[in-house]
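Hi there,

Here is the structure I promised to pass on to you. Open it beside this message, and then read on for what I found in it.

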Amino acid sequence: MSRHNHNLFDSANAYSMNGNSRRSDASSMSDEPFPGPREFTLPLHTQTSSDRISSSDFNESEEQYTHSRAASSTFQRSSKISSATSNSGDYGDATNLVAITEGQRLVIAIDYGTTFTGVAIVFVPVDEKTAKLSDIKVLREWNSSYNEDKVPSAYSYTKPRASEEQWGTSFSEDAEIMVYTKLELDAQESVIGELDMILDNLDGMKDLSSEYVVSSKGEPDYTPKKPDLVVLDYMKKIFERVWKYLGVYDQALLLSLPVDIIITHPVVWSYRARNATYRAVTLAGFNGDKFPRLENIKMLAEPEAAAVYTARYLKEEEPDKTVLEKNDTFILCDAGGGTVDVVTFRVLETEPSLELEQIGEPHSRKCGSVFIDGEFKTWLRDELLGPDDYEKLEPNSKKRIKPHSTTGRKMRDVMKSFVEHKCRFTGDENADHRFTIELPAEFEGLSIQDYVDEGLLKLDCNDMMLLFEKCVDEIVALVKRQEKEVMTKYDDQGIARIKSILMIGGFGESIFLQNVIREQMEVNDITIHRPATSWSAVLRGAALYGIDKSRLKNYVRTQSFPNYYAVARDTEETQGAGLAQYQDPITGKFMGKSRLTWIVHCGDLAFEDWNLSQETLLAFTFRENDEKNFTISIYKYLRKDNILPTRVRPNDPELENVLAIPISFSNVKLDSLDMYKSSGAREPYYQCVVSLYLTWRNESLEATVVWNNNVIYPVTAGGMI
């Protein structure tokens with residue numbers, strides 16, 4: 001990183017966000033730098049990505065944590081209340097409890113974030129469609145000494161030394177802590193994600209060397225659990241706190257209430273990631289076993305939840321600012337620790353109640369605040385210290401550095417100092433003249449011209465700008481792209497021009513980020529606003545959506561697949577690797593006959609819309625004069641265990657063929673297809689790859705097959721479950 005003059009707004013540069021101490025969301029806006037840094041910096045354990053949690057992976061968790069309905073009805077606390085005036089005990093101010101009565105229902109909103117997680121609870125009359133903003137009770141009772149609106153999304157498998165809880169904020173000094181695991185759930189949904197996973201695996205091969213095994217005393221520096229299971233273990237802790245909070249109410253009365261659960265997710269979030277989140281939440285305890293009258297579990301995009309709350313908050317709590325009026329159009333920028341979502345909304349009505357309409361397509365990027373940390377660590381290793389000295393800070397650092405791969409106590413201390421400076425950074429060269437970070441004792445005598453003086457690392461404003469440049473550049477690009485697309489598409493439809501940008505999320509509270517966007521958008525006379533509750537806007541908005549179910553237009557109602565389903569297909573194998581093999585006369589390859597690919601596991605997230613479902617690719621090959629009619633066979637596993645067979649056997653009592661989908665390419669013009677020729681093939685052949693989607697509607701399994709962006713077969717197997 002070379003030192004040079006860097007104009008603050010030549011390109012979008014940086015931000016300041018998150019940290020360790022947290023002010024209340026109820027505090028008012030100010031022009032001061034964000035005073036409550038809340039990015040909880042911890043040593044992170046790197047995880048490789050995985051496709052899906054297998055049934056065997058979940059087996060232990062389900063046995064230990066998914067209890068029967070009868071067992072689940074016992075709360076952890078013996079004192080039960082149904083009055084807001086009762087002593088709240090562990091729950092702080094008694095005003096955080098509300099009176100509940102028959103004829104009410106319970107709404108639970110869950111916002112699992114990259115850096116922080118929150119839960120909101122609301123009791124409302126069954127027929128009530130609105131609620132006061134003050135009716136939303138955000139859970140603040142987490143670890144013993146941590147009472148904030150959200151708790152860090154951090155978990156450790158290190159054995160505690162004393163009374164440490166090893167999650168949230170309660171960790172032992174030697175804890176190896178996993179953070180930002182949410183980013184791993186969506187890691188393989190792109191070419192970049194796949195490459196990222198491959199590089200991680202190559203890095204991990206070092207752990208197999210005899211030299212490394214000896215030096216590490218045979219103990220790897222990572223948990224063998226997949227990211228999905230780490231999220232599950234973390235969500236169990238979240239559920240324990242929610243269950244403990246609800247335990248102060250009358251047990252029989254509470255369990256008699258209808259319940260709706262809202263789960264938020266980024267606007268662009270793959271099926272794999274949504275399914276992993278859904279499974280973790282439900283297996284952790286947010287399910288019908290714990291809540292006998294559970295009516296719905298819904299998934300809602302974070303920006304939509306944030307928009308309805310933020311707009312209403314500004315209207316009701318800051319009316320003097322007159323931010324939003326009827327027919328106004330605004331951009332909502334939800335900038336968090338991992339993802340940044342940008343969506344445009346139009347105000348349809350302000351009275352008697354606020355109504356919003358989403359217009360245009362939302363956009364999302366993984367350019368949140370945690371990626372700044374990766375830039376800093378990469379700079380430390382590659383440009384300042386070098387690999388050998390850097391390894392003193394972080395063992396195994398010769399692996400690739402990712403924003404979510406911090407580990408080790410020494411690096412934790414360095415990153416804590418960096419984050420504190422990052423949170424205070426405003427881009428003002430006068431105010432942000434110098435940032436100092438004390439390096440560990442091993443670096444006490446180290447001096448590097450312009451940067452390190454006897455173990456004291458010094459950064460100036462330009463250095464910080466360069467570290468933050470990439471993230472803010474991407475955010476500004478998202479905002480500008482959203483503005484251009486919306487105005488281009490709706491210019492002739494009477495849609496008012498965009499007048500304001502609402503900033504929410506931890507990163508969105510950054511004065512520096514707001515200033516950069518304001519400068520970039522000033523030419524178009526667009527103003528920037530940030531409500532005081534921006535940090536928990538998504539969580540509170542999700543609760544509002546759960547209250548007013550009649551207004552839910554874009555939410556996704558979730559269901560669970562009740563069984564395991566597989567597609568049977570012939571797959572390429574090494575000769576002699578399995579039973580029932582043959583050599584394909586078309587391609588010359590050795591194939592395993594009727595192998596089962598389990599594309600749906602019991603408890604997986606099920607949608608009615610095939611566009612939201614998991615895609616399974618199936619390839620069909622044929623020669624010019626071959627038969628071009630095929631059948632896709634879907635099988636259901638009939639046993640209650642999760643020991644799944646790998647192939648279809650004749651008259652197999654464990655399997656039932658529930659769907660037989662005919663596919664024909666007889667009318668396809670061969671000159672529109674790619675032609676292949678392999679060394680084992682006698683003549684050229686053609687291949688068609690289709691996408692199979694399984695959905696669940698009206699208690700029955702449905703399948704959709706898509707080829708060349710066209711649906712070529714919808715089929716319903718009524719009652720075949």
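Let's start with Glu 325: is this residue buried, partly exposed or exposed? In this predicted model, its relative accessibility is 43%, so Glu 325 counts as partly exposed, because that class runs between 20% and 50%. You will find Glu 325 in the loop between α9 (302-317) and β9. Setting aside residues within four places in sequence, Glu 325 is in contact with Val 347 and Thr 350. Another residue to look for here is Glu 349: 24 residues separate Glu 325 and Glu 349 in sequence, and their C-alpha atoms are 8.0 Å apart in space.

Now compare Ser 364, which lies in strand β11. The relative accessible area of Ser 364 is 18%, and buried means under 20%, so this residue is buried. What does Ser 364 touch, not counting residues up to four places away in sequence? The list is Val 267, Val 268, Thr 339, Val 340, Asp 341 and Leu 478. Ser 364 and Val 343 are also worth finding together: they are 21 residues apart in sequence, with 8.8 Å from C-alpha to C-alpha.

Next, the strands β9, β10 and β11.

Strand β10 covers residues 340-349, and eight of its 10 residues are buried, so the rest of the structure largely encloses it. Which way do β10 and β9 run relative to each other, parallel or antiparallel? They run antiparallel, and seven bridges join β9 (residues 329-335) to β10. A hairpin of four residues leads from β9 to β10, and Ala 335 stands opposite Val 340 in β10.

β10 also pairs with strand β11 (residues 355-365), through eight bridges, and this pair is antiparallel too. A hairpin joins β10 to β11, this time through five residues. To see how the two strands line up, find Val 342, which stands opposite His 363 in β11. As general background, strands of a sheet pair through backbone hydrogen bonds, either parallel or antiparallel.

There is also an open sheet to look at, made of three strands in the order β12-β14-β13, with antiparallel pairing. Which strands are at its edges? They are β12 (435-438) and β13 (452-453), each of which pairs on one side only. Between β12 and strand β14 (residues 456-459) there are four bridges, and the two run antiparallel. Within this pair, Ile 437 stands opposite Leu 457 in β14.

On to the nonpolar cores. The largest one has 81 residues, and those with the most contacts inside it are Met 235, Ile 634 and Leu 692. Helix α6 (residues 227-246) gives the largest share of this core, 11 residues. If you click on Met 235 and leave aside its neighbours within four places in sequence, you should find it in contact with Ile 110, Tyr 112, Ala 280, Val 281, Ala 284 and Phe 286. Apart from the largest core lies another one, of 63 residues, including Met 415, Phe 435, Ile 495 and Phe 512.

Last come the cavities. How many of 30 Å³ or more does the structure hold? There are six. The largest holds about 250 Å³ of space. Its lining has 24 residues, and Asp 111, Gly 113, Lys 150, Gly 336 and Gly 337 lie nearest its centre. By type, the lining of the largest cavity divides into seven nonpolar, 11 polar and six charged residues.

The second largest cavity contains about 90 Å³ of space. It is lined by 14 residues, with Phe 561, Val 600, Ser 613, Gln 614 and Leu 694 closest to its centre. β21 (590-600), β22 (605-606) and β27 (685-697) each supply at least two residues of this lining, and the largest share, three residues, comes from β27. By type, the lining of the second largest cavity has 10 nonpolar, three polar and one charged.

Enjoy exploring, and write back with any questions!

Best wishes

Technical notes. Residues are numbered from 1 along each chain as its sequence is written. This is a predicted model: local features need pLDDT of at least 70, side-chain atom pairs count only at pLDDT 80 or more; totals for chains, interfaces and linings use all residues. Side-chain values use heavy atoms; hydrogens and water are left out. Buried means under 20% relative accessible area, exposed over 50%, partly exposed in between (1.4 Å probe, protein chains only). Two strands pair if DSSP finds at least two bridges between them. On a 1 Å grid over the protein atoms alone, a cavity is a set of points where a 1.4 Å probe fits but cannot get out, and a pocket is an open set with protein on both sides within 12 Å along at least five of seven lines; lining residues have an atom within 4 Å of a point. Grid points are joined across faces, edges and corners, and a volume is the space filled by probe spheres set on the points. Ala, Val, Leu, Ile, Met, Phe, Trp, Tyr, Cys and Pro count as nonpolar, Asp, Glu, Lys and Arg as charged, and the others, Gly among them, as polar. A nonpolar core is a set of buried Ala, Val, Leu, Ile, Met, Phe, Trp, Tyr and Cys residues joined through side-chain atoms within 4.5 Å. Contact means heavy atoms within 4.5 Å.
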